[in-house]
Amino acid sequence: MPQKNEETTDTAFKNWINEALVKRMAKHISHHYPAFDDKAFIKLSHKLPELELKPRMRLICDFLKTHLPEDYKKALAILLKATTNPATGIAPLKGFDLWAFTEYVHRYGLKDFDESMKALHTFTELFTAEFAIRPFLIHEEKRTLKVLHTWSKDKNHHVRRLVSEGSRPRLPWGEQLKSFIKDPTPTIELLDKLKYDDELYVRKSVANHLNDISKDHADIAIKTAARWLKEAPAKHQDKIDWIVRHALRTLIKKGNPAALKLLGYDSNNSVKIKNLKLNKSSVNVGDHLEFSFDIESSKTGKIMVDYLVHHKKSNGNTSPKVFKLTSKDVKAKEVFNVRKKHSFKPVTTRVYYPGTHYLEIMVNGKLYSKVPFKLAK
């Protein structure tokens with residue numbers, strides 16, 4: 001599932017849930033449940049263009065609830081057959097096709113725990129159940145954690161990834177898991193079992209999960225990362241190095257001294273930023289801004305260079321966004337030049353507002369030179 005805000009995913013993916021999908025779903029479901037009102041279901045697709053992504057999915061889920069057997073187990077069995085034993089001659093259901101199916105388990109499956117867990121295991125092999133499993137963690141925490149510990153050793157990497165992603169305390173779009181926000185210990189025990197996973201897809205989720213934890217418990221996240229670095233055997237050191245760098249990114253952007261130190265950066269190392277220059281004082285949306293500057297370090301060591309763009313908001317205030325530049329081993333008094341092009345190409349994750357913006361340099365978590373520029377539509 002994309003890790004972006006709802007507006008972004010609506011824009012990028014809402015058209016996936018369309019009339020063609022509804023027709024395909026109707027054929028697969030009717031193949032195993034002839035009583036299904038496929039004509040009414042297909043007619044439902046006429047309402048989709050006026051809806052965003054989540055409302056489209058929920059509309060389909062509502063219809064399934066009304067037109068499948070009232071008994072949850074019987075209805076779920078039909079959805080599973082439509083997934084695992086599709087009708088011949090048409091494309092099978094997979095990916096976002098199955099979101100309404102996982103939502104069905106999300107909404108109606110709490111009272112039938114074992115059947116719901118088996119279904120989520122099956123669905124997540126073809127899509128993801130990271131949202132659907134969260135009500136079970138909220139209402140049946142111990143039972144669900146026990147299942148997740150078993151799944152951490154599953155042969156399917158999508159299932160193993162669900163163990164980490166589904167239990168993230170602050171999963172974007174998902175219900176917050178307040179119990180784990182308060183005490184992340186139970187999920188750290190899950191991450192311990194996944195941190196050496198052969199699949200980067202799984203390890204990336206581990207890193208994002210620990211990054212979630214760092215937002216509420218910086219000390220626990222740093223302590224966990226330090227333990228992983230210390231315990232990792234040589235053959236897994238590269239994996240852990242990558243996870244730790246990715247997991248501590250929020251703390252690094254905030255200039256957390258302990259996080260910087262763990263990654264080898266000296267927060268006490270002062271630098272001089274010289275000759276910060278912009279190639280233009282005004283830039284249009286769709287164009288790019290070029291800038292350059294020199295850095296002189298006071299010490300020999302490792303430095304991380306980032307930059308911030310302070311975007312103007314609709315209310316006239318500015319909001320900073322950190323962007324990566326470079327990481328470099330330097331000698332005391334060494335001077336080196338940095339150049340960068342920053343694009344203002346329109347993206348769905350940000351609305352650009354004309355007016356004064358600012359560019360600011362950050363080294364090892366400390367802010368230095370800051371210069372204004374104009375952004376025009």
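Start by selecting W173: at 19% relative accessibility it counts as buried, because the cut-off for that word is under 20%. Keep in mind as you click around that this is a predicted model.

Now add F131 to the selection. F131 is buried too, with a relative accessible area of 11%. F131 and W173 make a stacked aromatic pair, with 6.1 Å from centre to centre and 25° between the planes. Trace the chain away from each ring and you'll find F131 in the loop between α7 (113-124) and α8 (134-139), while W173 sits in the loop between α10 (157-165) and α11 (178-182). The pair therefore ties together parts that are 42 residues apart in sequence.

Which residues join these two in one aromatic cluster? Select W16, F96, W99 and F127 along with F131 and W173, and you have the cluster on screen. Across the model, the count comes to 19 aromatic pairs.

Keep W16 showing and add D97, which touches W16 as well as L21, R24, M25 and P92, leaving aside residues up to four places away in sequence. You'll find D97 in the loop between α5 (72-84) and α6 (99-108). Is D97 buried or exposed? D97 counts as buried, at 4% relative accessibility. Show the side chains of D97 and R24 as sticks: a polar contact of 2.9 Å joins them.

Next come two spots where a charge meets a ring. Go to F113 and look over its face: R143 lies there, at 4.0 Å from the ring centre. Then jump to Y358, where the charged end of K370 sits over the ring, 5.0 Å from its centre.

For the last stop, switch to a cartoon view and select β1 (271-278), β3 (residues 288-297) and β6 (335-343). These three strands form an open sheet in the order β1-β3-β6, with antiparallel pairing. β1 and β6 stand at the edges with a single partner strand each, so one side of each is left without a neighbour in the sheet. Look along the sheet for its twist, which averages 20° from one strand to the next.

How many bridges join β1 to β3? There are six, and the two strands run antiparallel. To see residues facing each other across this pairing, pick I273, which stands opposite I295 in β3.

Notes: Residues are numbered from 1 along each chain as its sequence is written. This is a predicted model: local features need pLDDT of at least 70, side-chain atom pairs count only at pLDDT 80 or more; totals for chains, interfaces and linings use all residues. Side-chain values use heavy atoms; hydrogens and water are left out. Two strands pair if DSSP finds at least two bridges between them. Helices (H or I, at least four residues) and strands (E, at least two) are DSSP runs, numbered from the N terminus. Axes are lines fitted to C-alpha atoms, for helices over the stretch in contact, and angles run from 0 to 180 degrees between N-to-C directions. Buried means under 20% relative accessible area, exposed over 50%, partly exposed in between (1.4 Å probe, protein chains only). A polar contact is a pair of N or O atoms within 3.5 Å; within protein, one must be able to donate a hydrogen and the other to accept it, and residues adjacent in sequence count only if both atoms are side-chain atoms. Contact means heavy atoms within 4.5 Å. Rings of Phe, Tyr and Trp (its six-membered ring) pair if their centres lie within 6.5 Å; planes under 30 degrees apart count as stacked, over 60 as edge-to-face and the rest as tilted. A charge sits over a ring if NZ of Lys or CZ of Arg is within 6 Å of the ring centre and within 35 degrees of the ring normal.
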